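Trainee: I would like a close look at a single part of this structure, followed step by step. Please keep the explanation plain.

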Amino acid sequence: MKAILLLSFLLLTIVQALVAQQDTLSSHVYNLAKLPVKKDSSRLRVQMMDGSTSRLSNLEAHLTILQPGQAAHPPHTHANTEELIIVKEGVVAVTIKGKTKLLSAGGLALSLPGDAHGAINAGKTNASYYVIKYTKAAVDAGRGESAGGSILMDWNEPAVSTTDKGERRQFFNHATALFNKFDMHVTTLNKGEVSHPPHTHLEEEIIIVRQGNISMQIGDQFYPAKPGDLIFLSSGVPHALQNTGKLPTTYFAFQWQ
């Protein structure tokens with residue numbers, strides 16, 4: 001009897017663990033204009049996604065909106081979370097490990113676990129920026145530091161290369177404390193161009209539309225997306241992107257291994 005009870009307990013534990021590991025985030029287009037703007041303690045905030053994925057115990061993304069001179073919170077650290085900031089509008093002074101840099105629209109900051117970081121609106125008008133935070137149990141701080149550590153990079157710093165469909169701006173493509181490789185770039189597609197045929201990959205991916213209108217194919221469905229919208233693509237999901245506007249479209253794309 002005791003053996004049966006013990007076996008039942010073990011099976012229940014395994015089932016609970018499997019349920020806990022299930023993804024709560026699936027591929028989705030988050031239309032910024034359709035999401036509510038809420039007043040936080042010190043800012044306006046637009047929540048986009050918050051849940052788990054096949055690669056991450058938590059993935060959270062929101063847009064922070066600050067008035068001039070305002071900060072969302074004091075400088076702080078995370079133990080097993082990396083935080084990516086991408087400036088949407090205005091001028092934001094981001095500080096990581098005591099180093100401060102002014103970032104304009106399109107600039108980004110990547111804070112590795114344990115590095116104190118904070119941001120303040122350094123302009124004369126409202127500023128807004130995306131915050132993408134992702135968490136894993138396994139952290140390799142040494143790997144992150146040897147690959148270059150935390151990053152502060154403004155929009156005009158990465159080299160721009162011409163492609164047969166537009167342009168590519170590579171921000172970084174190397175290891176971090178959480179990933180063996182983190183690829184972060186910006187693609188510009190000319191009018192009518194398709195990024196690539198529908199394809200799949202193991203890596204999860206996030207796309208943020210900076211300018212222009214697109215059609216995002218996810219599986220066999222097509223979704224419109226405009227500047228400001230964020231797209232999450234799960235592992236193994238067929239996808240493709242087409243510029244449906246009259247001008248070039250520009251979007252951030254990043255994926256991790």
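Mentor: What follows is a walk around one residue, then two loops, then a small sheet. The model is a predicted one, and every value below is computed from it.

Start with threonine 100. This residue lies in strand S7, which covers residues 99-103. Its relative accessible area is 49%. The cut-off for exposed is over 50%, and buried means under 20%, so threonine 100 is classed as partly exposed. Among residues further than four places away in sequence, threonine 100 touches Ala93, Val94 and Thr95. With threonine 95 there is also a polar contact, side chain to side chain, at 2.6 Å. Another position to compare is histidine 117, which is 17 residues from threonine 100 along the chain. The C-alpha atoms of threonine 100 and histidine 117 are 9.4 Å apart.

Now step back to the loop that leads into S7. Lysine 97 sits in this loop, between strand S6 (92-96) and S7. Most residues other than glycine have a negative phi. Lysine 97 is not a glycine, yet its phi is positive, at about 55 degrees. Its relative accessibility is 54%, so lysine 97 counts as exposed.

A second loop brings histidine 117 back into the account. Proline 75 is placed in the loop between strand S4 (58-66) and strand S5 (81-89). With a relative accessibility of 63%, proline 75 also counts as exposed. Setting aside neighbours within four places in sequence, proline 75 is in contact with His117 and Gly118. The C-alpha atoms of proline 75 and alanine 116 are 5.8 Å apart, while 41 residues separate the two in sequence.

Last comes the small sheet. Strands of a sheet pair through backbone hydrogen bonds, either parallel or antiparallel. Here three strands form an open sheet in the order S17-S16-S19, and the pairing is antiparallel. Strand S17 (221-225) and strand S19 (239-243) are at the edges with a single partner strand each, so one side of each has no neighbour in the sheet. On average, neighbouring strands of this sheet are turned by 20 degrees against each other, ignoring direction. Strand S16, residues 214-218, is joined to S17 by five bridges, and the two run antiparallel. In one of these pairings, methionine 216 has tyrosine 223 of S17 as its bridge partner.

Terms used. Residues are numbered from 1 along each chain as its sequence is written. This is a predicted model: local features need pLDDT of at least 70, side-chain atom pairs count only at pLDDT 80 or more; totals for chains, interfaces and linings use all residues. Side-chain values use heavy atoms; hydrogens and water are left out. Two strands pair if DSSP finds at least two bridges between them. Helices (H or I, at least four residues) and strands (E, at least two) are DSSP runs, numbered from the N terminus. Axes are lines fitted to C-alpha atoms, for helices over the stretch in contact, and angles run from 0 to 180 degrees between N-to-C directions. Buried means under 20% relative accessible area, exposed over 50%, partly exposed in between (1.4 Å probe, protein chains only). Contact means heavy atoms within 4.5 Å. A polar contact is a pair of N or O atoms within 3.5 Å; within protein, one must be able to donate a hydrogen and the other to accept it, and residues adjacent in sequence count only if both atoms are side-chain atoms.
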